[in-house]
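Let's go through this one together, asking how each label is earned. Have the structure open while you read.

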Amino acid sequence: MAPKKAKKRAEGASSNVFSMFEQAQIQEFKEAFTIMDQNRDGFIDKNDLRDTFAALGRLNVKQEEIDDMLKEAPGPINFTVFLTMFGEKLKGADPEETILNAFKVFDPEGKGTLKKEFVTEMLTTQADRFSAEEMEQMFQAFPPDVAGNLDYNNLVHVITHGEEKDQE
């Protein structure tokens, strides 16, 4: 029985946090961890967080804020814990669904299209404003139909997958 148990445990170990991310993502998290681990002891502690905030220009961070951040971890924050915490935060966050939901706010009838004029107005007057050139590039890549409607489902698919959806 004992060898079987050991084998089962080894199989379960492969479902660890490192399998949640691609190698390039893990490398980026490792770089971020190394930047934050200011004293290079392999753990992120309150002094590391304070120093990281200072390096980002935030000098008057309350101790309570730092303590709250550290409380989110189950224990000392080594790289594996750091990666696990990000994994839990990112789990279930589908970028395609998130972007689609942003468009759906402006499409209460759920048609899947928005008027070209409306999209242009929103993207050139709100938040990170698009330039006229950027709008032209977008409409060249995603031309509206003859009625002037933009199919945002296809747009979102290309943004998140890099290729057009096969038309059913």
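**Labels and the reasons behind them**

Ile 44 touches Phe 33, Met 36, Asp 37, Leu 49, Leu 70, Ile 77 and Phe 82, leaving out residues up to four places away in sequence. Keep in mind that this is a predicted model.

Q: What makes Ile 44 stand out inside the largest nonpolar core?
A: Ile 44 is listed with the residues that have the most contacts inside that core of 18 residues, alongside Phe 21, Phe 29, Ile 77, Phe 79, Phe 82 and Leu 83. Helix H2 (23-36), helix H3 (46-55) and helix H5 (79-90) each supply at least two residues of this core. H5 gives the most, with 5 residues. Another core lies apart from this one: it has 13 residues, including Leu 100, Tyr 152, Leu 155 and Val 158.

Q: Why is Phe 79 called buried?
A: Buried means under 20% relative accessible area. Phe 79 has 11%, so buried is the right word.

Q: Is Phe 18 buried, partly exposed or exposed, and how do you know?
A: Partly exposed runs between the 20% limit for buried and the 50% limit for exposed. Phe 18 comes out at 32%, so it counts as partly exposed.

Q: Why is the pair of Phe 18 and Phe 79 called tilted?
A: Ring centres have to lie within 6.5 Å to pair, and planes under 30 degrees apart are stacked while those over 60 are edge-to-face. Phe 18 and Phe 79 are 6.2 Å apart centre to centre with 45° between the planes, so they pair, and tilted is what's left. Phe 18 sits in the loop between helix H1 (2-13) and H2, and Phe 79 sits in helix H5, so the pair ties together parts that are 61 residues apart in sequence.

Q: What makes the pair of Phe 33 and Phe 79 edge-to-face?
A: The planes of Phe 33 and Phe 79 meet at 75°, and the centres are 5.7 Å apart. The angle is over 60, so edge-to-face fits. Phe 33 is in helix H2 and Phe 79 in helix H5, 46 residues apart. Both residues are buried. Phe 18, Phe 33 and Phe 79 also belong to one aromatic cluster with Phe 21, Phe 29, Phe 82 and Phe 86.

Q: How do you know that the buried residues of helix H8 (132-141) line one face?
A: The buried residues there are Met 135, Met 138 and Phe 139. Seen down the axis of H8, they fall within an arc of 95°, so they line one face of the helix. The face turned away from that buried side carries the exposed residues Glu 133, Glu 136 and Gln 140. As for partners, the buried residues of H8 pack against helix H7 (116-125), strand E2 (149-151) and helix H9 (152-161).

Q: Why does Lys 116 count as sitting over the ring of Phe 139?
A: One test is a distance within 6 Å of the ring centre. The charged end of Lys 116 is 5.0 Å from the centre of the Phe 139 ring and sits over that ring.

Q: Why is Glu 96 called buried?
A: Its relative accessible area is 18%, under the 20% limit, so Glu 96 is buried. Glu 96 lies in helix H6 (residues 95-104). Not counting residues up to four places away in sequence, Glu 96 touches Val 156, His 157, Thr 160 and His 161.

Methods
Residues numbered from 1 in each chain as written. Predicted model: local features only at pLDDT ≥ 70, side-chain atom pairs only at ≥ 80, totals over all residues. Heavy atoms only, no water. Buried < 20%, exposed > 50% of the residue type's maximum accessible area, 1.4 Å probe, protein only. Helix = DSSP H or I, 4+ residues; strand = E, 2+ residues; numbered from the N terminus. Arc of directions from axis to C-beta. Contact = heavy atoms within 4.5 Å. Core = buried A, V, L, I, M, F, W, Y, C linked by side-chain atoms within 4.5 Å. Phe/Tyr/Trp six-rings, centres within 6.5 Å; stacked < 30°, edge-to-face > 60°. Lys NZ or Arg CZ within 6 Å of the ring centre and 35° of its normal.
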